[in-house]
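Ready to work through a few exercises? Keep the structure open beside you and try each task before reading its solution.

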Amino acid sequence: MNILEAIQSRRATKRFDENFVLSFEEKKALLSLCLENAPSAFNLQHWRLVLVESKEQRKKIHEIAWNQPQVLESSMLVVICAQKESWQYNARRVWDGAASEVQDYMSGAIDQYYRGHLAVQRDEVMRSAGIFAQTLMLAAQGKDLDSCPMDGFDFSAMANIIDLPNDHAVCMMVAIGKSTAKAYPKVGKLPFDELVKIDHFNSNE
């Protein structure tokens with residue numbers, strides 16, 4: 001499947017085939033593909049992933065996710081979290097292999113951009129996590145798998161369930177597997193001119 005087909009055919013799946021099983025190696029390969037290729041701000045790779053394999057963990061998450069069936073039925077469930085202080089811990093590591101002058105420049109730019117700016121730190125990890133989630137869903141679609149992005153859960157309870165470190169944030173979940181339900185038709189799409197402005201918001205008046 002090419003990328004345009006993946007974009008056009010990807011839909012949020014609400015019911016998965018419980019009998020469809022991805023092996024751990026298949027899950028690892030899918031995540032590795034995205035970890036190696038998804039873009040992130042300053043290449044900081046803020047995302048930290050929890051691959052939920054335990055049935056007990058699934059049940060706990062199911063309870064704090066409005067009992068949504070995707071949590072139990074999907075073959076693969078990923079809680080996408082992010083390290084808010086990756087800018088401080090990894091500024092040089094993520095530029096390892098670049099020329100020394102590039103490393104110096106980038107680590108300085110990263111420090112200037114993030115230090116003391118708590119809102120920026122949180123906003124950036126959420127943006128990078130969102131990019132990772134979309135990359136993961138399109139990669140899954142390219143492998144003829146179905147997916148569902150999920151934020152319908154108690155974030156504080158999730159943090160407790162997965163033992164989230166204090167300097168991390170829970171961003172969202174992605175469920176992956178094989179759909180058992182026919183996708184709803186695409187409806188209610190707003191017109192192009194309402195959503196896209198040229199140069200400024202008064203451009204279409």
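**Exercise 1.** Is arginine 93 buried or exposed?

*Solution.* Bear in mind that this is a predicted model. Start with the place: arginine 93 sits in the loop between helix H5 (86–89) and helix H6 (100–114). Next, take its relative accessible area, which is 65%. The cut-off for exposed is over 50%, so arginine 93 counts as exposed. One more step, for distance: glutamine 103 is 10 residues away from arginine 93 in sequence, and their C-alpha atoms are 8.9 Å apart in space.

**Exercise 2.** Work out whether serine 75 is buried or exposed, then list what it touches.

*Solution.* First find the residue: serine 75 belongs to the loop between helix H4 (70–73) and S2. Its relative accessible area is 9%. Buried means under 20%, so serine 75 is buried. Now look around it. Leaving out residues up to four places away in sequence, serine 75 touches Phe20, Val21, Leu22, Lys27, Arg58, Ile176 and Gly177.

**Exercise 3.** Put the strands of the sheet in order and explain why S1 and S3 each have one side without a neighbour in the sheet.

*Solution.* Begin with the order: this is an open sheet of four strands, arranged S1-S2-S4-S3 with antiparallel pairing. Strand S1 (47–51) and strand S3 (146–150) are at the edges with a single partner strand each, so each has one side with no neighbour in the sheet. On average, neighbouring strands here are turned by 25° against each other, ignoring direction.

Now zoom in on one pair. S1 pairs with strand S2 (residues 76–83) in the antiparallel sense, over five bridges. As for single residues, leucine 49 has isoleucine 80 in S2 as its bridge partner.

**Exercise 4.** Which strands does helix H2 touch, and which does helix H7 lie across?

*Solution.* Take helix H2 (residues 24–37) to begin with: it packs on the sheet and touches S1, S2 and strand S4 (168–177). The direction of H2 makes about 170° with that of S1. Then turn to helix H7 (residues 118–142), which lies across S1, S2, S3 and S4. H7 runs at about 10° to S4.

**Exercise 5.** Which residues make the nonpolar surface patch of about 510 Å²?

*Solution.* The patch is made by Leu190, Phe192, Leu195, Val196 and Ile198. Pick out one of them, leucine 195, which you'll find in helix H9 (residues 192–195). With a relative accessible area of 56%, leucine 195 is exposed.

Conventions
Residues are numbered from 1 along each chain as its sequence is written. This is a predicted model: local features need pLDDT of at least 70, side-chain atom pairs count only at pLDDT 80 or more; totals for chains, interfaces and linings use all residues. Side-chain values use heavy atoms; hydrogens and water are left out. Two strands pair if DSSP finds at least two bridges between them. Helices (H or I, at least four residues) and strands (E, at least two) are DSSP runs, numbered from the N terminus. Axes are lines fitted to C-alpha atoms, for helices over the stretch in contact, and angles run from 0 to 180 degrees between N-to-C directions. Contact means heavy atoms within 4.5 Å. Patches are made of residues with over 30% relative accessible area and no salt bridge: like charges are joined within 9 Å, nonpolar side chains (Val, Leu, Ile, Met, Phe, Trp, Tyr) within 5 Å. Accessible areas come from the Shrake-Rupley method with a 1.4 Å probe; for residues, only the protein chains shown count as cover. A salt bridge is a side-chain nitrogen of Lys or Arg within 4 Å of a carboxyl oxygen of Asp or Glu. Buried means under 20% relative accessible area, exposed over 50%, partly exposed in between (1.4 Å probe, protein chains only).
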